[in-house]
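This briefing goes through one protein chain topic by topic. Please keep the sequence and the model side by side while reading.

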Amino acid sequence: MDNIKSVKKAKESEFGVKIPKSTYYSLLKIDTPDFELLLKEPTMMRSSYSNNKYIDTVIFRADEADKMIEEIKYFINR
């Protein structure tokens with residue numbers, strides 16, 4: 001939580017558009033993303049296939065989106 005710089009509504013993904021290597025897209029590319037987290041500093045993402053990389057953005061969907069965003073904004077602004 002301390003590494004989150006900001007959270008905003010994610011842009012809808014466009015078919016065929018390449019995702020930057022520094023972005024972790026945590027859903028299927030056919031789903032519509034809800035949010036984009038921007039990190040203060042790049043962090044190592046470890047995958048199950050040993051493809052480790054540094055990321056600075058996370059794009060994802062959330063079940064209880066409003067509650068989650070409130071909590072993230074609370075930690076950012078404290």
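Is phenylalanine 60 buried or exposed? Phenylalanine 60 is buried, because its relative accessible area is 9%, below the cut-off of 20% that defines a buried residue. This value, like those that follow, is computed from a predicted model. The points below begin with the chain as a whole and then turn to aromatic rings, charged residues and a few single positions.

**Overall architecture**

- The secondary structure of the protein chain consists of one helix and four strands, and, read from the N terminus, these elements follow one another in the order β-β-β-β-α.
- Taken along the principal axes, the box filled by the C-alpha atoms comes to roughly 35 × 25 × 20 Å.
- The protein chain has 78 residues, of which 28% count as buried, and it exposes about 6400 Å², with carbon and sulfur atoms supplying 50% of that area.
- When contacts between residues at least 6 apart in sequence are considered, 64% of them join residues at least 24 apart.

**Aromatic pairs**

- A search of the whole structure gives two aromatic pairs, and in general a pair of aromatic rings is described by the distance of the centres and the angle of the planes.
- Phenylalanine 35 and phenylalanine 60 make up a tilted pair, with 5.9 Å from centre to centre and 40° between the planes.
- This pair links distant parts of the chain, since phenylalanine 35 belongs to strand β3 (residues 35-45) and phenylalanine 60 to strand β4 (residues 53-60), 25 residues apart.
- Phenylalanine 35 counts as buried because its relative accessibility is 14%, and phenylalanine 60, at 9%, is buried too.
- Tyrosine 74 and phenylalanine 75 form an edge-to-face pair, in which the ring centres are 5.5 Å apart and the planes stand at 75°.
- Tyrosine 74, with 56% relative accessibility, counts as exposed, whereas phenylalanine 75, which lies in helix α1 (residues 65-76), is partly exposed with a relative accessible area of 31%.

**A nonpolar surface patch**

- Tyrosine 74 and phenylalanine 75 also appear together with Met1 in a nonpolar patch on the surface, and the accessible area of Met1, Tyr74 and Phe75 together is about 330 Å².

**Charged residues**

- The count of salt bridges comes to one, and this salt bridge is formed by aspartate 34 and arginine 61, whose closest N and O atoms are 3.8 Å apart.
- Aspartate 34 sits in the loop between β2 (23-25) and β3, while arginine 61 sits in the loop between β4 and α1, so the pair ties together parts that are 27 residues apart in sequence.
- With a relative accessibility of 16%, aspartate 34 counts as buried, whereas arginine 61 is partly exposed, its relative accessible area being 45%.
- Glutamate 36, found in strand β3, is buried yet has no salt bridge, and the nearest side chain of opposite charge, that of lysine 8, is 4.3 Å away.
- That distance does not count as a salt bridge because the cut-off is 4 Å.
- Leaving aside residues up to four places away in sequence, glutamate 36 touches Ser6, Val7, Lys8, Ala10, Thr57, Val58 and Ile59.

**Methionine 68 and tyrosine 25**

- Methionine 68 is located in helix α1 and is partly exposed, with a relative accessible area of 25%.
- Not counting residues up to four places away in sequence, methionine 68 touches Phe35, Phe60 and Ala62, and Phe35 and Phe60 are the partners of the tilted aromatic pair.
- Methionine 68 and isoleucine 19 are 49 residues apart in sequence, and their C-alpha atoms are 24 Å apart in space.
- Tyrosine 25 lies in strand β2 and is buried, with a relative accessible area of 14%.
- Along the chain, tyrosine 25 and aspartate 56 are 31 residues apart, and a distance of 11 Å separates their C-alpha atoms.

Definitions and conventions:
Residues are numbered from 1 along each chain as its sequence is written. This is a predicted model: local features need pLDDT of at least 70, side-chain atom pairs count only at pLDDT 80 or more; totals for chains, interfaces and linings use all residues. Side-chain values use heavy atoms; hydrogens and water are left out. Rings of Phe, Tyr and Trp (its six-membered ring) pair if their centres lie within 6.5 Å; planes under 30 degrees apart count as stacked, over 60 as edge-to-face and the rest as tilted. Helices (H or I, at least four residues) and strands (E, at least two) are DSSP runs, numbered from the N terminus. Buried means under 20% relative accessible area, exposed over 50%, partly exposed in between (1.4 Å probe, protein chains only). Patches are made of residues with over 30% relative accessible area and no salt bridge: like charges are joined within 9 Å, nonpolar side chains (Val, Leu, Ile, Met, Phe, Trp, Tyr) within 5 Å. Accessible areas come from the Shrake-Rupley method with a 1.4 Å probe; for residues, only the protein chains shown count as cover. Lys and Arg count as positive and Asp and Glu as negative; His and the chain ends are not counted. Contact means heavy atoms within 4.5 Å.
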